[in-house]
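User: I am new to this structure. Please take a close look at the salt bridges, and then at one pair of packed helices.

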Amino acid sequence: MDQDLIKLVNRLQDTFSNLGGELDMPQLVVVGSQSAGKSSVLETIVGRDFLPRGQGIVTRRPLVLQLIHTPIPAEPSPNAPPYTEWAQFLHIDKRFTDFNEIRKEIEQETFRVAGQNKGVSKLPISLRIYSPDVLDLTLVDLPGLTKIPVGDQPSDIERQIRNLILDYISKPNSVILSVSPANVDLANSESLKLARQVDPQGRRTIGVLTKLDLMDAGTNALDILTGRIYPLKLGFIGVVNRSQQDINSEKSMSDALESENEFFRGHPAYRNISHKNGTKYLAKTLNQVLMNHIREKLPDMKARLNTLMGQAQQELNSFGDSAIFGDKNQQGSLILRLMTQFARDFVASIEGTRIDISTKELSGGARIYYIFNDVFGQALASIDATHNLESQDIRTAIRNSTGPRPSLFVPEIAFDLLVKPQIGLLEAPSLRCVELVYEELVKICHNCTNAELERFPRLHAQLIEVVSELLRERLGPTSEYAQSLIEIQAAYINTNHPAFISGSALTAQQNNIPQRPPAPPRPTSTEPTTTNGLSLEEEDETSSEDSIFPPRDSRSVSSTVHDRSRSSISASTTTPSIAVGTVDKHTSRSRHSSQNQTQTQNARDSHRPQSGPVPNGSGSSPTARETFLNYFFGQNGPGPISGSSVERSQHAVGAHAGGQNTISIVPVGRDVSGAETVLSQGLMAGKRGIDGNSAAYDMKSLGKHIEAVSVEGTHMTPREEMETSLIRSLIASYFNIVRQSIQDLIPKAIMHLLVNHTSQHVQNRLVSSLYKPELFADMLNEDEALVAERARVKALLDAYKEAFKILSDVNLKST
């Protein structure tokens, strides 16, 4: 039974060598320096010349040598082969009876893998020799240790060989056969140095001394062979191999063994230990050591086999069972289950409820939130409402919106014309947000997989394609709805929005008042006064709050102007001559701008009653409302030509003729002394022409067409500055309202139309598109590499089970 142990190990070694198993088999590893006689020891054990020889490194690949004892039958069988010794390689199905051919095959196989440049390879050559003259052994012949690369050897040949040897001898199941020449000091033995590195206590190292017959006269290796210099548990064994002259003269193995025995029996130092030296004793010792080592390692091998069987079974289960592919019902059930799992993983990834959530980076629905909050939010916040609007653009839009008529107020059409293109700036970030969310959903779809689904690459591709098609279908409506939200905001400009009114008023008050020089005090109106000394108009103004925009339930600016117009008409019917004279005086004054402005200001100051109260209290700085109305209605009253104001003042004089006879009538109204300058810089100045209606809407190309103001007069008047600043603040206020609305509505639209819709319909779409019996066979077509891997793992599992069964039946009794 003990002899069967080596055969068992050999069989397991062959099996796992082909299948790539991880079970370390007990084996003898031959280690030694180059030209130490390793090959000669192996040939002597086998009794045949079959290993390559030559100068330099010859063994460049590990040679796994299995010696199998085949006894000669007592009665020859007619079916028995005519030969009793033969060899067989694992890489070729052929029996070799000529050992010279074995040498050639080893050389060719070495050249095929390791090349011609004397390099080494870790891929072993397996050779099995059947002979009645050998004992059951398993040895591994490794390349000899070298120091200096010779010829065309690689520069790191020493490191390559050392790493190759360490890979074999570092395995606990390996027995190290350290070969050292006796004619070299043992302290310089590289093989013993490596053996001590992996086996410091010398429990699994056998020392072999070669070339004992070549030692200097008067010296011997008796102390080494008896273990007094370098003790090893398995001891040292001395051998005498054939010399190069004996090899050249083709000395037979039997004669070489006889010469070796005579050397040990006749040597005075070795005659007492001759029975423990020689090649035959070495073969018996190696056989016994290997069997004992196998017996010792059997429990570990069985435990290791148990672990490997469990791992192989688990790996085989991950590949699935191929027996279900012939049953339509089982195929449909499998596809339906994989579809459901895929849809569930897709929804779980969006909602963040997957088990295998990454902790290193954002994934799934968290990336969608990042797009909404950070990417889209920052994109909207980075848009400046008026960065692309110059003051010239705003002034031109104001003038274009009034047509041929001058305006008393800032036209609303100009505000609409300017704010709509600014709202359009929000469209590009909104559509890009939709695209980013779509891309993230596609990425989530590709990441939804598992080990079972990877078995069927065609099914996985079909699932991804169906979900991607559903996402593409929803991308169009979502983008269109996002675009329509921008168009809806631009379709109706709601100036009654509470945030717009308060925000614009506050902005106008903060931006415009500090930049405007203080206006001169208004003259006392000649309209009838109330009992408290204030005129009716001033009493109405002081009754309201000091703000630019009065409350909605109070009298508006237009109603006030209308009331003034009615009162002026009644006054003009009583004193028409005075009104005409006043108009003529006003017209003549407008032709002398610089002088009359000073005279008019002095006249206003001299005719102000000293007893009447000042409207602003201090008489130096007007209120915000007066400033706003002054810029809209002129410095001293409404209208470019204040005929109505003069008539109203005359009416006031008639009402108080008894007590106000000494008061002179001073015409009030907006000073138009600079009318000629304005006309010279207006729309009709210079050589101007109309190139087309499209130029009115091209704010950036006005320089190429009709300019609102000539190049010499680009400076804006205070009213134009106020109107431009007010329009700019109104655009910024309304743009902020629209931006907040879009920042809230776009994510909601995307979630409703794209994300939630896809999550709710992905399962139904998969079933309706793919659950068709005629598609089952094609979708469940496994990958060829996976099928081959399943077959390999199944064969390896069967080998593990067979090896475990054999090891369980082995008699573990020691001999």
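Analyst: Salt bridges come before the helix pair here. This is a predicted model, where local features need pLDDT of at least 70, side-chain atom pairs count only at pLDDT 80 or more, and totals for chains, interfaces and linings use all residues. Residues are numbered from 1 along each chain as its sequence is written, and side-chain values use heavy atoms, with hydrogens and water left out.

Side chains of opposite charge can pair when their charged atoms come close. A salt bridge here is a side-chain nitrogen of Lys or Arg within 4 Å of a carboxyl oxygen of Asp or Glu. The count is 26 salt bridges.

Take Arg242 and Glu43. Their closest N and O atoms are 3.9 Å apart. Arg242 sits in the loop between strand S9 (236-238) and helix H7 (244-248), and Glu43 in helix H2 (residues 38-46), so this salt bridge ties together parts 199 residues apart in sequence. Helices (H or I, at least four residues) and strands (E, at least two) are DSSP runs, numbered from the N terminus. Arg242 is buried at 12% relative accessible area. Glu43 is buried too, at 1%. Buried means under 20% relative accessible area, exposed over 50%, and partly exposed in between (1.4 Å probe, protein chains only).

Next, Lys122 and Asp167 form a salt bridge at 3.1 Å, N to O. Lys122 lies in the loop between helix H3 (99-114) and strand S5 (125-131), Asp167 in helix H4 (residues 157-169), and 45 residues separate them. Lys122 is exposed, at 52%. Asp167 is partly exposed, at 36%.

Arg719 and Glu723 pair within one helix. Their N to O distance is 2.8 Å. Both belong to helix H24 (residues 718-770), four residues apart, which means about one helical turn between them. Arg719 is buried at 18%, and Glu723 is buried at 8%.

Salt bridges can also form a network. Lys147, Glu158, Arg162 and Glu190 are linked in this way.

Now the helices. Helix H12 (residues 391-402) packs against helix H13 (residues 412-424) at about 130°, with axes 8 Å apart. Axes are lines fitted to C-alpha atoms, for helices over the stretch in contact, and angles run from 0 to 180 degrees between N-to-C directions. H12 and H13 are therefore oblique to each other. Angles under 35 degrees count as roughly parallel, over 145 as roughly antiparallel, 65 to 115 as roughly perpendicular, and the rest as oblique.
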